[in-house]
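Please open the structure in your viewer and keep the selection tool at hand. The tour moves from one selection to the next, and says at each stop what can be found there.

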Amino acid sequence: PVATVFRLAGELEEGRFLQRDSAGRYSLGVRMWEMGLLTPVHGHMREAAMPFLLNLQYECRETVQLAVCDGVDAVYIEKLTLDTKTPVQSRIGARIPLHATAVGQAILASSDQSFIDVIAGMPLPRYTDTTVTTPRALHKMLDQVREQGFAHSTQEYVLGSTAIAAPVIVNGKVEAAIGIVNYELREDLEIFVPQLLDAAAGLGRRLEELHTNPEVR
């Protein structure tokens, strides 16, 4: 019932779990963000990654993103950008497809074969004319990602975008991916591959240290 929804929304607003703007629209409140930041993936991962992300953005002067796998999607948990026109699809907390984004492809290529088979067996939505939409094409692309050590995606999810990404490997398992993205179809983005690989490897080593000795946090 509308009255019940209105009452519950009011209680959540009072507790700062929701906030309401002048037009009466609700959005997540400060308390909800505080709770989210307490989760291990948002807290420890983001905290450990920040120095590497900052250094990488300083070197490339492009948008830098950190994503993790959640279910059959990737989720952005951190983003550093110099561009205020960054598409909403790349906002922190956004869920994105594994098969159509550079960070998703980097994660997927380093995942267990059984998980890859699950994704390949699902419908692969087409977002643009260059989106990979068949299992055969997906497996071929992932083989290339593994061979070169990074993913390169051009307009596969968002028109006008090009991105590179590398997996973050922790004790032999992929835990995240770091990506660099440009929204003006920059053609030379791969010049930053060495820096990208260094950032991903550095974060992987840092997370291994934290797993081995949690007291160093």
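In which sense, and over how many bridges, do E3 and E4 pair? Select both strands to follow the answer, keeping in mind that this is a predicted model: E3 and E4 pair in the antiparallel sense, over 7 bridges. Within this pair, Val-64 stands opposite Leu-80 in E4. The hairpin of E3 and E4 has 2 residues between the strands, and Gly-71 in that hairpin takes a positive phi near 70 degrees.

Stay with strand E4, which spans residues 73–80, and switch on a surface or an accessibility colouring: the strand is mostly covered, 6 of its 8 residues being buried. E4 also pairs with E5, again in the antiparallel sense, over 3 bridges. To place this contact, select Val-75, whose bridge partner in E5 is Arg-95.

Next, return to strand E3 (residues 63–70) and add strand E8 (residues 173–182), with which E3 pairs in the antiparallel sense over 5 bridges. Here Leu-66 can be selected together with Ile-178, its bridge partner in E8.

Now widen the selection to the whole sheet. It is an open sheet of 6 strands, in the order E5-E4-E3-E8-E7-E6, with antiparallel pairing. Strand E5 (95–97) and strand E6 (151–154) stand at the edges, and because each has a single partner strand, one side of each is left without a neighbour in the sheet. Neighbouring strands of this sheet are turned by 35 degrees against each other on average, with direction ignored. As a reminder for reading such a view, strands of a sheet pair through backbone hydrogen bonds, either parallel or antiparallel.

Leaving the sheet, select helix H4, residues 102–109. Is this helix enclosed by the rest of the structure or exposed, and why? A residue counts as buried under 20% relative accessible area, and 8 of the 8 residues of H4 are buried, so the helix is largely enclosed by the rest of the structure. The buried residues, to be labelled one after another, are Ala-102, Val-103, Gly-104, Gln-105, Ala-106, Ile-107, Leu-108 and Ala-109.

The next stop is the pair of helices H5 and H6, which pack at an angle of about 140 degrees with their axes 10 Å apart. H5 passes H6 in a right-handed crossing. To display the contact, show the side chains of Gln-113, Ile-116, Asp-117, Ile-119 and Ala-120 on H5, and those of Pro-135, Leu-138, His-139, Leu-142 and Arg-146 on H6.

From there, move into the loop between helix H5 (113–120) and helix H6 (135–148), where Tyr-127 is found. The structure holds 1 aromatic pair. It is formed by the rings of Tyr-127 and Tyr-157, whose centres are 4.8 Å apart and whose planes stand at 85 degrees, so the pair is edge-to-face. The pair links distant parts of the chain, since Tyr-157 lies in the loop between E6 and strand E7 (162–170), 30 residues apart from Tyr-127. Tyr-127 itself is partly exposed, with a relative accessible area of 38%.

Finally, select everything. The protein comes to 7 helices and 8 strands, and of its 217 residues 41% count as buried. Its accessible surface comes to about 12,000 Å², of which 55% belongs to carbon and sulfur atoms. Among contacts between residues at least 6 apart in sequence, 53% join residues at least 24 apart.

Definitions and conventions:
Residues numbered from 1 in each chain as written. Predicted model: local features only at pLDDT ≥ 70, side-chain atom pairs only at ≥ 80, totals over all residues. Heavy atoms only, no water. Pairing = 2+ DSSP bridges. Helix = DSSP H or I, 4+ residues; strand = E, 2+ residues; numbered from the N terminus. Axes fitted to C-alpha atoms, helices over the stretch in contact; angles between N-to-C directions. Phe/Tyr/Trp six-rings, centres within 6.5 Å; stacked < 30°, edge-to-face > 60°. Buried < 20%, exposed > 50% of the residue type's maximum accessible area, 1.4 Å probe, protein only. Contact = heavy atoms within 4.5 Å. Areas by Shrake-Rupley, 256 points an atom, 1.4 Å probe, with all protein chains shown as cover. Left-handed = near helix turned anticlockwise from the far one by under 90°.
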